[in-house]
Amino acid sequence: MNAADSQRVASSLERMGFRSAEKPGQADVIVLNTCVVRQSAEDRAHGYLTSLLLHKRNNPDLVINLMGCMVGVKGTDHLAKRYPHVDVFSPPSDPGPLIAHLSQDESRQLDQSEVEVRNALLDGDLVLPAEQQQSLVSAYVPIVLGCSHACTYCIIPYRRGVEISRPVGVIVQEVRRLVEQGVKEITLLGQIVDRYGKDISDGPNLAQLLKIVSDVEGLKRLRFLTSHPNWMTDELLAVVAENPVIMPHIEVPVQAGNDEVLANMKREYTNADYRALIARIREMIPNVSIGTDIIVGFPGETQAQFMDTYNLLEDLRLDVAHLARYSTRPGTVADRRMEDDVPDEEKWRRYRLLEDQQARIVGEINAKLLGETVSVLFEDQVKGRWRGRTENTKLVFVESELNLRGKVEDVQITWTGPWSMQGRTFDLVDY
Ligand code: SAH
């Protein structure tokens, strides 16, 4: 979501006539877009912010914009006091305060006015920065902003505000504009993406929206995340199964395998519900891959309760598990009413157990692809090798003299590991 928000800022700056700088020391404007979902992310943001002080000293005209969840949708007084070198504060998803600040400075000659830049954002009229034109392969488009669910551990609803669906016309326009500028793959985003449209009386739901967006001329791949187990419908799964542009990958976090922990997290489903859902997804989309998120060491989680998570992952054999150690977030229900009582070493121990388990499981899943031919969309070159993803989002590296950027190619897998695979394209083999 932050990557998508940063793209909106970049688009606005590009319209005003700014161009990307290679290093912070060369920039006239620095935007620090922050995440506070865990303490570690927040610590990193504070670290960066402090390091920007040096640039401000070297260049007093530098405009520093602090954006995102560290700022949130409420007040910024405490941040303004702590970081006087910040010139502008912006809530998540909103480049508005930066656009206004830069437009008010009369010494600047801007290409477009504040109103033009704001209207372009409202209309979904995104422009990519010059260096990404006809070169960026994959982009994110938010479709649901904010979140109204309030899982007890999660700070996002407090910082991103209430759930709001973006109008279908704006979403389609944004996708069209990105595709015109060379983007091949779009991922639609929402904290609970399946709730898309619930706040709009006569608009499409997620399944219908996916169908509409998949028709955009030139779009090769369409994805969406993140799903909540309680909001996925058969209608959605059927669309994913039938539509060749929509990739067969579902991100549906379970967070924990124990019913009491799940209730304390206010996730509103059980271990059995989740198992049934995974079975249903696999039944309806036979070639599907599934990702989940897990939090270990939630307040009160016992060793036995943790083992319910371990056993769930062992049984379900999912393709991806994003693991996190519980981190208390200020203002959340868990922060106010529960004690963060699982020691740090124990959180690490549980984390490593799942990490090892998942490496084994995913390693076995990927090993079955050895010798198989899969379809890969190539994104960029890393150390001389082309990097791309399969329909199931698995990372594949290929050596090729050809320019594969933005191409979908058949690749024969020649090596597999848990986190990536290698393969060869047929053009090199056959002719
Ligand atoms: N709404 C999305 C994204 C939430 S943030 C979703 O439901 O997936 C991404 C992940 O961060 C969450 O799924 C959760 O696993 C993790 N997370 C959120 N709050 C956390 C906390 N306080 N401590 C540790 N991990 C957390």
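**Exercise 1. Determine where Ala-150 lies and whether it is buried or exposed.**

Step 1. Ala-150 lies in the loop between strand E5 (144–145) and helix H6 (156–160). Helices (H or I, at least four residues) and strands (E, at least two) are DSSP runs, numbered from the N terminus.

Step 2. Phi of Ala-150 is near 65 degrees, a positive value in a residue other than glycine.

Step 3. Ala-150 has 26% relative accessibility and therefore counts as partly exposed. Buried means under 20% relative accessible area, exposed over 50%, and partly exposed in between (1.4 Å probe, protein chains only).

The model is predicted: local features need pLDDT of at least 70, side-chain atom pairs count only at pLDDT 80 or more, and totals for chains, interfaces and linings use all residues. Residues are numbered from 1 along each chain as its sequence is written, and side-chain values use heavy atoms, with hydrogens and water left out.

**Exercise 2. Describe the backbone, place and accessibility of Gln-134.**

Step 1. Although Gln-134 is not a glycine, its phi is positive, at about 55 degrees.

Step 2. The loop between helix H5 (114–122) and strand E4 (138–142) contains Gln-134.

Step 3. Gln-134 counts as exposed because its relative accessibility is 55%.

**Exercise 3. Establish on which side of helix H8 its buried residues lie, and what they pack against.**

Step 1. In H8 (residues 206–214), the buried residues are Leu-206, Ala-207, Leu-209, Leu-210, Val-213 and Ser-214.

Step 2. These residues cover an arc of only 160 degrees around the axis, so they are on the same side of H8. The arc is that of the directions from the helix axis to the C-beta atoms.

Step 3. The packing partners are helix H7 (168–180), strand E7 (185–189), strand E8 (221–225) and helix H9 (234–242). Contact means heavy atoms within 4.5 Å.

**Exercise 4. Identify the form of the peptide bond from Leu-225 to Thr-226 and the place of Thr-226.**

Step 1. With omega near 5 degrees, the bond from Leu-225 to Thr-226 is cis.

Step 2. Thr-226 is placed in the loop between E8 and H9.

**Exercise 5. Characterise the surroundings of Thr-390.**

Step 1. Strand E13 (residues 385–390) includes Thr-390.

Step 2. Thr-390 has 4% relative accessibility and so counts as buried.

Step 3. Leaving aside residues up to four places away in sequence, Thr-390 touches Arg-221, Arg-223, Val-374, Ser-375, Val-376, Val-396 and Met-421.
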